[in-house]
Amino acid sequence: RTDYPWRILDALALGVPVVAADSDVHREVLLDGGVLVAPDAEGLAEGLTRALSVDPARLSVLAADRGRAFSWDSAAEQVWHLHAEL
(Lines give C-alpha, C1' and ligand atoms only; values in the text may rest on other atoms or scores of the structure.)
Protein backbone atom coordinates (compact mmCIF):
# COMPACT_ATOMS: atom_id res chain seq x y z
CA ARG A 1 0.00 0.00 0.00
CA THR A 2 1.28 3.42 -0.87
CA ASP A 3 -0.47 5.17 2.02
CA TYR A 4 1.26 3.14 4.74
CA PRO A 5 3.89 5.25 6.55
CA TRP A 6 6.97 3.21 5.63
CA ARG A 7 9.29 6.22 5.95
CA ILE A 8 8.05 6.86 9.48
CA LEU A 9 8.69 3.22 10.41
CA ASP A 10 12.18 3.40 8.90
CA ALA A 11 12.97 6.52 10.92
CA LEU A 12 11.60 5.01 14.13
CA ALA A 13 13.62 1.83 13.60
CA LEU A 14 16.74 4.01 13.47
CA GLY A 15 15.73 5.90 16.61
CA VAL A 16 14.98 9.09 14.71
CA PRO A 17 12.05 11.02 16.21
CA VAL A 18 9.39 12.00 13.70
CA VAL A 19 7.28 15.11 13.23
CA ALA A 20 4.22 14.04 11.21
CA ALA A 21 0.88 15.46 10.15
CA ASP A 22 -1.87 14.29 12.48
CA SER A 23 -3.88 11.49 10.88
CA ASP A 24 -5.40 8.20 12.02
CA VAL A 25 -2.54 6.16 10.57
CA HIS A 26 0.20 8.41 11.94
CA ARG A 27 -1.49 8.49 15.35
CA GLU A 28 -1.60 4.69 15.48
CA VAL A 29 1.97 4.16 14.30
CA LEU A 30 3.79 7.03 15.98
CA LEU A 31 2.39 7.08 19.53
CA ASP A 32 5.19 8.59 21.65
CA GLY A 33 7.95 8.14 19.06
CA GLY A 34 7.56 11.68 17.81
CA VAL A 35 5.21 14.62 17.50
CA LEU A 36 1.90 14.90 15.65
CA VAL A 37 1.07 18.31 14.19
CA ALA A 38 -1.60 20.11 12.22
CA PRO A 39 -0.94 19.64 8.49
CA ASP A 40 0.04 23.25 7.82
CA ALA A 41 3.09 25.48 8.16
CA GLU A 42 2.20 26.64 11.66
CA GLY A 43 1.70 23.06 12.80
CA LEU A 44 5.08 22.05 11.41
CA ALA A 45 6.81 24.96 13.15
CA GLU A 46 5.08 24.12 16.43
CA GLY A 47 5.95 20.43 16.09
CA LEU A 48 9.61 21.12 15.39
CA THR A 49 9.75 23.45 18.39
CA ARG A 50 8.15 20.79 20.62
CA ALA A 51 10.45 18.04 19.33
CA LEU A 52 13.54 20.18 19.87
CA SER A 53 12.46 21.17 23.39
CA VAL A 54 12.31 17.55 24.58
CA ASP A 55 15.44 15.71 25.72
CA PRO A 56 16.75 14.35 22.39
CA ALA A 57 18.13 11.15 23.95
CA ARG A 58 14.75 10.37 25.53
CA LEU A 59 12.83 11.04 22.33
CA SER A 60 15.29 8.88 20.39
CA VAL A 61 14.79 5.98 22.82
CA LEU A 62 10.99 6.34 22.56
CA ALA A 63 11.23 6.38 18.76
CA ALA A 64 13.45 3.28 18.68
CA ASP A 65 11.12 1.46 21.09
CA ARG A 66 8.15 2.24 18.89
CA GLY A 67 10.08 1.17 15.78
CA ARG A 68 10.77 -2.24 17.35
CA ALA A 69 7.02 -2.80 17.68
CA PHE A 70 6.88 -2.97 13.88
CA SER A 71 10.03 -5.01 13.28
CA TRP A 72 10.02 -8.39 11.55
CA ASP A 73 11.55 -9.91 14.71
CA SER A 74 8.64 -8.61 16.75
CA ALA A 75 6.12 -9.94 14.23
CA ALA A 76 7.80 -13.36 14.20
CA GLU A 77 7.81 -13.48 17.99
CA GLN A 78 4.10 -12.65 18.12
CA VAL A 79 3.32 -15.42 15.61
CA TRP A 80 5.51 -17.84 17.58
CA HIS A 81 3.59 -17.03 20.80
CA LEU A 82 0.28 -17.40 19.01
CA HIS A 83 1.24 -20.87 17.76
CA ALA A 84 2.55 -21.84 21.19
CA GLU A 85 -0.82 -20.96 22.73
CA LEU A 86 -2.67 -23.16 20.25
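This tour proceeds from the whole chain to single elements and residues of a predicted model.

**The whole chain**

Begin with the entire protein in view. Five helices and two strands are present, and from the N terminus on they follow the order α-β-α-β-α-α-α. Along the principal axes, the C-alpha atoms occupy a box of roughly 50 × 30 × 15 Å.

Next, display the surface. Its accessible area is about 6,300 Å², and carbon and sulfur atoms contribute 60% of that area. Of the 86 residues in the protein, 29% are buried. Among contacts with a separation of 6 or more, 41% join residues that are 24 or more positions apart.

Now colour the charged side chains. The protein carries 7 positive and 14 negative side chains. The centres of these two sets lie 1 Å apart.

**Helix α4**

Select residues 56–68, which form helix α4. From its first C-alpha to its last, this helix of 13 residues reaches 18 Å, close to the 18 Å expected at 1.5 Å a residue.

Which residues of α4 are buried? They are Leu 59, Leu 62, Ala 63, Ala 64, Arg 66 and Gly 67. To see what surrounds them, add α1 (6–13), α2, β2 (34–37) and α3 (41–53), against which the buried residues of α4 pack.

**Strand β2 and Val 35**

From these partners of α4, move to strand β2, where Val 35 is located. Is Val 35 buried or exposed? Val 35 counts as buried because its relative accessibility is 9%, and the cut-off for a buried residue is under 20%.

Show the residues around Val 35. Apart from neighbours within four places in sequence, its contacts are Val 18, Val 19, Ala 20, Leu 30, Gly 47, Arg 50 and Ala 51. Pro 17 also merits selection here: Val 35 and Pro 17 are 18 residues apart in sequence, and their C-alpha atoms are 7.8 Å apart in space.

**Helix α2, His 26 and Leu 31**

Select residues 24–30, helix α2, and centre the view on His 26 within this helix. A polar atom of the His 26 side chain lies 2.7 Å from the backbone oxygen of Ala 21. With neighbours within four places in sequence left aside, His 26 is in contact with Pro 5, Ile 8, Ala 20, Ala 21, Leu 31 and Leu 36.

One of these contacts, Leu 31, is the next stop. Leu 31 belongs to the loop between α2 and β2. Its phi is near 45°, a positive value in a residue other than glycine. For comparison, most residues other than glycine have a negative phi.

**Helix α5**

Finish with residues 72–85, helix α5. This helix has 14 residues and reaches 20 Å from its first C-alpha to its last, close to the 20 Å expected at 1.5 Å a residue. How many of the 14 residues of α5 are buried? The count is one, and the helix is hardly covered.

Within α5, select Ala 75. Ala 75 counts as partly exposed because its relative accessibility is 30%, and that class lies between the cut-offs of 20% and 50%. Finally, add Ala 13 and display the distance between the two C-alpha atoms: Ala 75 and Ala 13 are separated by 14 Å, although they are 62 residues apart along the chain.

Key
Residues are numbered from 1 along each chain as its sequence is written. This is a predicted model: local features need pLDDT of at least 70, side-chain atom pairs count only at pLDDT 80 or more; totals for chains, interfaces and linings use all residues. Side-chain values use heavy atoms; hydrogens and water are left out. Helices (H or I, at least four residues) and strands (E, at least two) are DSSP runs, numbered from the N terminus. Buried means under 20% relative accessible area, exposed over 50%, partly exposed in between (1.4 Å probe, protein chains only). Contact means heavy atoms within 4.5 Å. Accessible areas come from the Shrake-Rupley method with a 1.4 Å probe; for residues, only the protein chains shown count as cover. Lys and Arg count as positive and Asp and Glu as negative; His and the chain ends are not counted. The place of a charge is taken as NZ of Lys, CZ of Arg, CG of Asp or CD of Glu. The expected span of a helix is 1.5 Å times one less than its number of residues. A polar contact is a pair of N or O atoms within 3.5 Å; within protein, one must be able to donate a hydrogen and the other to accept it, and residues adjacent in sequence count only if both atoms are side-chain atoms.
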